[in-house]
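Let's take a walk through this protein, starting with its empty spaces and ending with a helix and a few cysteines. Keep the model open while you read.

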Amino acid sequence: MIKWMRDIHPFQTDAPSLEPICAKVLASERLNADDALALYRTGDILAVGWMANYVRERMHGDNTYFNVNRHINPTNVCVAACRLCAFGRKKDAPGAYTMALEEAFETAASGYSEAVTEFHIVGGLHPDLPFQYFLDLCSGLKQRFPQVHLKAFTMVEIAYLSKRAKLSIHETLEQLKASGVDSLPGGGAEIFADRVRHIICDHKIDGDQWLETARLAHQIGLKSNATMLYGHIENDEDRVDHLLKLRALQDETGGFQTFIPLAFHPDNTPLQHLPKTTGMLDIKQIAVSRLVLDNFPHIKSYWQMMTAKIAQISLRFGADDMDGTVIEEKIYHDAGATTPQGMRREELERLIRAAGRIPIERDTLYRPVTRTETSVTVAV
Ligand code: V47
C-alpha cells in the first residue's frame, strides 16, 4: 500500500499508477495526458478525490461559490438538429417558440422575489431572427436591469450570428459587447474531437472554431466559461484531448473563469438508447477536471444536471462552485432531468454548509455579493 501524509489527511491507494501523480499534485506540477488517462482509468475514486480536494482546498479553502441567477432561453428554434439535444425544434414543429422582446423582458423580471445578479441567456440557432433582435434584447435588458450581469450566447451562437449578420466574429462580439453583453457562458463545446462531434452535433462549429471564438472573446475583454459534455459516445482519450485543449488556450488568454462538466441526459434525444451517466463517472469527472485544469480558477458542479446530491458531494471532490438559483431551466428538463427547475438561495446555502463548506454568494465575475433586505452590493 502506498501512503503519503499531509497534515492529518492520509492519501492512500492500492493503485501504483497514482503514486507519481500524487507526487506531482503535492508539488504543484502540471499533469500530462498519460496522468489524466490514469486518473480516468483507476477505480480508486477516493484517491482521485483526495488529490482533487487537496488542490481545491489549496486554491479556495472551504469557500464555495454560488450566485442568484435566472436563465432566459429566448428561442428553442434551431437549425442545427444536434443528436445530443432535446431542446431545439424546427421552426414549425410542435412546441417551437420564440419570445418577442417584451416577452423576454417580462420573463427576466419574473419568478423570483430576490434581486438576481446574472441573466444566463442561451438559445437555438434561429434561421430568421435578425442580429438586431439580439442587440435589442441585450440593450433592452441592460436598460431595464442595469445592475444585472449579462452572461449571454455560447461560442456556437456567436459564430452563427456572425454568419447571419455577415460580420467577422470579432465585430459580432464587439457589437454584442457594446449592446450590454458582459461575459459568455461555456456551452456548445461538447467534445472537441471531430469523430465524436460528427455524431453528436454535426452542424455545429468544429472544436477549433469554438476555441478560436473563445480566444477572440477573451482578446476583447469578455471572460467566458467552458464546458464538456461527457457520458455519451466519447472515450477517455477524447475527454483528455478536450481538457488539454482548454488548458492550452487558458495558458494563452487567461480568459476562462469556470469549467463545467455536463453529464449527458439522453431522454427525448436521438441518442436516448444510451445509458445515463453513473455517480462514479460524475464525481470522477469533477475530480479529473480539477486536477488537469490547473489554470482554471473554478470547477462548477452544476446541480441542475448533476442533481443536488451529487453536486453537494462533489464539493469534497474538487468542485468549488454550484452555479445558482437558475429559476427556470429548460435544456436539461427537455432531456428528462428530474431536478427542480430552480432552487432558492437559502437551500443552496444549506447544501453547501451541510458539506462542511462556506457558502459565498458571488456575482458572475466571482466578486462577493452582500445582501440586506433592501439592497444587493457587489464588492469591487
Ligand atoms: O451546450 C444540451 C448541453 C449546454 C443536453 O457557463 C445537454 O455558467 C446534457 O452550457 N444532456 C448548455 N447536456 C448549458 C451550458 C451551461 C449550463 C450551466 C452553466 C453554464 C455556464 C453553461 O447543455 C449545451 C450542451 O452541451 N446539453 N443538451 C443533454 N441532452
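What volume does the largest cavity have? About 80 Å³. Keep in mind that this is a predicted model. A search of the whole structure turns up one cavity of 30 Å³ or more. To find the largest cavity, look for Gly124, Leu125, His126, Leu129, Phe134, Phe153, Glu157, Tyr160, Leu161 and Arg164, which line it. Helix H6, residues 155-165, gives the most to that lining, with four residues. By class, the lining of the largest cavity divides into six nonpolar, two polar and two charged residues.

Now for the pockets. The largest pocket has a volume of about 890 Å³, and 45 residues line it. If you want to center your view there, Leu84, Cys85, Glu190, Lys204 and Ile331 lie nearest its centre. H6 turns up here too, as one of the elements that give two or more residues to the lining of the largest pocket, along with strand E8 (223-230), strand E9 (256-263) and helix H14 (331-334). That lining has 22 nonpolar, 13 polar and 10 charged residues.

The second largest pocket comes in at about 230 Å³. Of the 17 residues lining it, His265, Lys276, Thr277, Met305 and Thr307 are the closest to its centre. Helix H11 (279-292) and H12 each give two or more residues to this lining, and H12 gives the most, with three. Here the classes split into six nonpolar, nine polar and two charged residues.

H12 also leads us to helix H15, since H12 (303-306) is among the elements that cover the buried residues of H15. Which residues of H15 (345-354) are buried? They are Arg345, Leu348, Glu349, Leu351 and Ile352. These residues sit on the same side of H15 because they cover an arc of only 160° around the axis. Flip to the other side of H15 and you'll find Arg350, Arg353 and Ala354 exposed. Besides H12, the cover over the buried residues includes helix H13 (308-314) and strands E3 (63-67), E11 (321-324), E12 (358-361) and E13 (369-371). After H15 comes Gly356, with a positive phi near 75°.

Last stop, the cysteines. How many disulfides does the structure hold? Zero. Take Cys82: the closest cysteine sulfur, in Cys201, is 5.1 Å from its own sulfur, which is too far for a bond. Cys82 counts as buried, at 9% relative accessibility, and Cys22 counts as buried too, at 0%.

Notes
Residues are numbered from 1 along each chain as its sequence is written. This is a predicted model: local features need pLDDT of at least 70, side-chain atom pairs count only at pLDDT 80 or more; totals for chains, interfaces and linings use all residues. Side-chain values use heavy atoms; hydrogens and water are left out. Buried means under 20% relative accessible area, exposed over 50%, partly exposed in between (1.4 Å probe, protein chains only). The arc is that of the directions from the helix axis to the C-beta atoms. Contact means heavy atoms within 4.5 Å. A disulfide is a pair of cysteine sulfur atoms within 2.5 Å. On a 1 Å grid over the protein atoms alone, a cavity is a set of points where a 1.4 Å probe fits but cannot get out, and a pocket is an open set with protein on both sides within 12 Å along at least five of seven lines; lining residues have an atom within 4 Å of a point. Grid points are joined across faces, edges and corners, and a volume is the space filled by probe spheres set on the points. Ala, Val, Leu, Ile, Met, Phe, Trp, Tyr, Cys and Pro count as nonpolar, Asp, Glu, Lys and Arg as charged, and the others, Gly among them, as polar.
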